[in-house]
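Student: I have a structure to work through and would like to go over it in questions and answers. Where should we begin?

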Amino acid sequence: MRRTLTVLSLAVSALTAGLFSTPVLADEQVLNLYSARHYPTDEALYSDFTKATGIKINRVDSDDAGIIARLKAEGSASPADLILLVDAARLWKGEVDGMFLPIKSKTLETAVPAQLRSKPTDDGTAWFGLSTRARVVVYDKLKINKADVDTYEELGDPKNKGQLCIRSGSHPYNLSLFGAMTEHLGPAATEAWLKGMVDNMARAPKGGDTDQIKAVASGECGIAVTNTYYLARLMRSTNPADKALVERVGVVFPNQDSWGTHVNVAGGAVARYAKNQANAVKFLEYLVSPEAQNHFANGNNEWPVVKGLKLDNPALNAMTGGNFKSEVIPISAVGMNQIKVQQMLDRVGFR
Ligand code: FE
C-alpha cells in the first residue's frame with residue numbers, strides 16, 4: 001500500500017514538474033562543499049559561516065584523491081560548489097585537470113600571498129592557499145642527538161639505521177615532501193636518499209603521522225616525520241598520556257641552515273561546474289577573514305596565510321621559538337615531480 005502511494009505521488013510530482021517547467025534557479029542559500037579537511041575543530045568554522053550568512057553548507061568528506069576522482073566521475077553534473085584540499089600537489093593536479101573555476105576576488109588576492117595561490121590567468125586564480133603546515137622531524141630525546149636529524153638528508157644517512165618511522169611513501173604529504181626534495185637535490189640524489197630511508201626504517205610504513213610520533217615516544221623508533229599540527233595537537237592535549245608522550249619527543253625544523261623546512265598548503269577552489277558560485281566565493285573570502293584565519297591557527301594548529309595576524313598558539317610558538325625558515329620553491333614544481341617520485345618509490349621499495 002505504502003509502495004503504491006509512493007509511486008503515485010512520484011507520478012504526480014513528475015507531472016507537476018512537467019506542467020510548471022520554469023527554469024530551476026540555483027538556491028542562493030546553499031553551498032555544496034567537498035572537503036578533504038579531516039579536522040573536527042573545523043565544525044565551528046562551518047557553523048559560524050552559516051550563522052553569519054544564512055548559507056547552509058552541505059558537506060561531502062573524503063580525502064584529496066577521493067574528491068578528485070569524484071569530481072572526474074561527476075563531470076558537469078557535479079553538485080560541488082567549493083573544494084577544500086589539504087595538499088599543494090593535489091591542488092596543482094586539480095587545476096591542471098580543469099576541476100576548478102578561476103575566480104577574481106580582490107579580497108582573496110590581497111589576503112593570500114602570491115606564492116600561496118595558483119598563478120593567475122586572464123580568467124582569474126584557480127585556487128587559494130588558506131593555511132600552511134610544516135613537515136618536521138621528531139626524535140627520541142633519550143636515543144638520538146638533535147644534530148643527527150636536523151636535515152632531511154640525514155633521514156637517509158646510514159648513521160640512522162634502524163631508527164626511522166614514517167607513513168606510506170605514497171601519501172600526499174610525503175609525495176609533496178619528496179617532490180620538493182627532487183627540486184632541491186635533483187632526481188638521482190633524491191632516489192639515493194629515498195633508498196637510504198628504506199634502509200633506515202625501524203618498521204614498514206603504517207599509520208598516520210600521529211602514530212609515528214607515538215612510536216617514537218614508545219621507543220619503537222628513534223626518528224619520525226610528521227606534519228606540525230599533529231604534534232601541536234598532542235602538545236596541547238590535557239590527557240596525561242599525551243603529555244608524557246610529548247615529554248620524550250624532540251622536534252626539529254629541518255634544513256634551517258640550507259633551503260629551509262618543507263611547508264605544505266591547504267587550500268580551496270571554486271568547482272568548475274558550481275551552481276552556487278557567489279556562495280562559494282563568499283565562503284572562500286570568509287576563510288581569509290581574521291576570525292577564520294585565527295581558527296586555523298588555534299583550532300587546528302596551522303599557520304594562517306594572512307600576514308600580520310598575531311599567532312596566539314602556545315604549541316606552535318614553543319615548537320618554533322616564534323619563527324622558522326621555510327623553503328621557497330614553486331608549488332607547480334612539487335606537483336610536476338609527483339609521477340617521477342612515485343616511480344622512484346617503486347624502484348627503491350618504499351611502500
Ligand atoms: Fe592531515
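**Salt bridges within helices**

Tutor: This is a predicted model. Glu 74 forms a salt bridge with Arg 70, and their closest N and O atoms are 3.1 Å apart.

Student: In which helix do Glu 74 and Arg 70 both lie?

Tutor: The two residues are four residues apart, about one turn of the helix. Side chains of opposite charge can pair when their charged atoms come close. The helix that holds both Glu 74 and Arg 70 is H3, residues 64-74.

Student: Is Glu 74 buried, partly exposed or exposed?

Tutor: Buried means under 20% relative accessible area and exposed means over 50%, with partly exposed in between. Arg 70, at 37%, is partly exposed. Glu 74 has 22% relative accessibility, so its class is partly exposed.

Student: How far apart are the closest N and O atoms of Asp 48 and Lys 51?

Tutor: Asp 48 and Lys 51 are three residues apart in helix H2, residues 43-53, so about one helical turn separates them. The pair forms a salt bridge, for which the cut-off is 4 Å. The closest N and O atoms of Asp 48 and Lys 51 are apart by 3.8 Å.

Student: Which class of exposure does Lys 51 fall into?

Tutor: Its partner Asp 48 counts as partly exposed, at 38% relative accessibility. For Lys 51 the relative accessibility is 67%. The limit for the top class is over 50%, so Lys 51 counts as exposed.

Student: What is the N to O distance in the salt bridge of Asp 199 and Lys 195?

Tutor: Both residues lie in helix H7, residues 187-200. Asp 199 and Lys 195 are four residues apart there, about one turn of the helix. Their side chains meet in a salt bridge with an N to O distance of 3.2 Å.

Student: What is the relative accessibility of Lys 195?

Tutor: Asp 199 counts as partly exposed, with 36% relative accessibility. Lys 195 also counts as partly exposed. The relative accessibility of Lys 195 is 38%.

Student: Which residues are joined into one network by salt bridges that share partners?

Tutor: A search of the whole structure finds 18 salt bridges. Some salt bridges share partners and so form a network. The residues in this network are Arg 37, Asp 42, Arg 133 and Glu 302.

**Two domains**

Student: How far apart do the C-alpha centres of domain 1 and domain 2 lie?

Tutor: The domain assignment gives domain 1 as 7-132 + 263-314. Domain 2 is given as 134-261 + 330-348. The C-alpha centres of the two domains lie apart by 30 Å.

Student: How many residues does domain 2 bring to the contact with domain 1?

Tutor: Domain 1 and domain 2 bury about 1600 Å² between them, with 61% of it on carbon and sulfur atoms. From domain 1 the contact takes 20 residues. From domain 2 the number of residues is 17.

Student: How many residue pairs are in polar contact between domain 1 and domain 2?

Tutor: Salt bridges across this interface number zero by the rule. Polar contacts are counted separately, for pairs with both residues at pLDDT 80 or more. The number of residue pairs in polar contact is eight.

Student: Which element gives the most residues to the side of domain 1 that touches domain 2?

Tutor: The elements giving two or more residues to that side are helix H4 (88-96), strand S8 (263-270) and helix H12 (290-299). The largest contribution is four residues. The element that gives them is H4.

Student: How many residues on that side of domain 1 are charged?

Tutor: The residues there divide into three groups. Ten are nonpolar and seven are polar. The number of charged residues is three.

**Two asparagines in loops**

Student: What is the relative accessible area of Asn 255?

Tutor: Asn 255 is found in the loop between strand S7 (249-252) and S8. Its phi is near 60°, a positive value in a residue other than glycine. Asn 255 is buried, with a relative accessible area of 1%.

Student: Is Asn 301 buried or exposed?

Tutor: Asn 301 sits in the loop between H12 and strand S9 (303-304). Phi of Asn 301 is near 55°, a positive value in a residue other than glycine. At 3% relative accessibility, Asn 301 counts as buried.

Key:
Residues are numbered from 1 along each chain as its sequence is written. This is a predicted model: local features need pLDDT of at least 70, side-chain atom pairs count only at pLDDT 80 or more; totals for chains, interfaces and linings use all residues. Side-chain values use heavy atoms; hydrogens and water are left out. Domain bounds come from an automatic or database domain assignment. Contact means heavy atoms within 4.5 Å. Buried area is the accessible area (1.4 Å probe) that two parts lose on being put together, summed over both. A polar contact is a pair of N or O atoms within 3.5 Å; within protein, one must be able to donate a hydrogen and the other to accept it, and residues adjacent in sequence count only if both atoms are side-chain atoms. Ala, Val, Leu, Ile, Met, Phe, Trp, Tyr, Cys and Pro count as nonpolar, Asp, Glu, Lys and Arg as charged, and the others, Gly among them, as polar. Buried means under 20% relative accessible area, exposed over 50%, partly exposed in between (1.4 Å probe, protein chains only).
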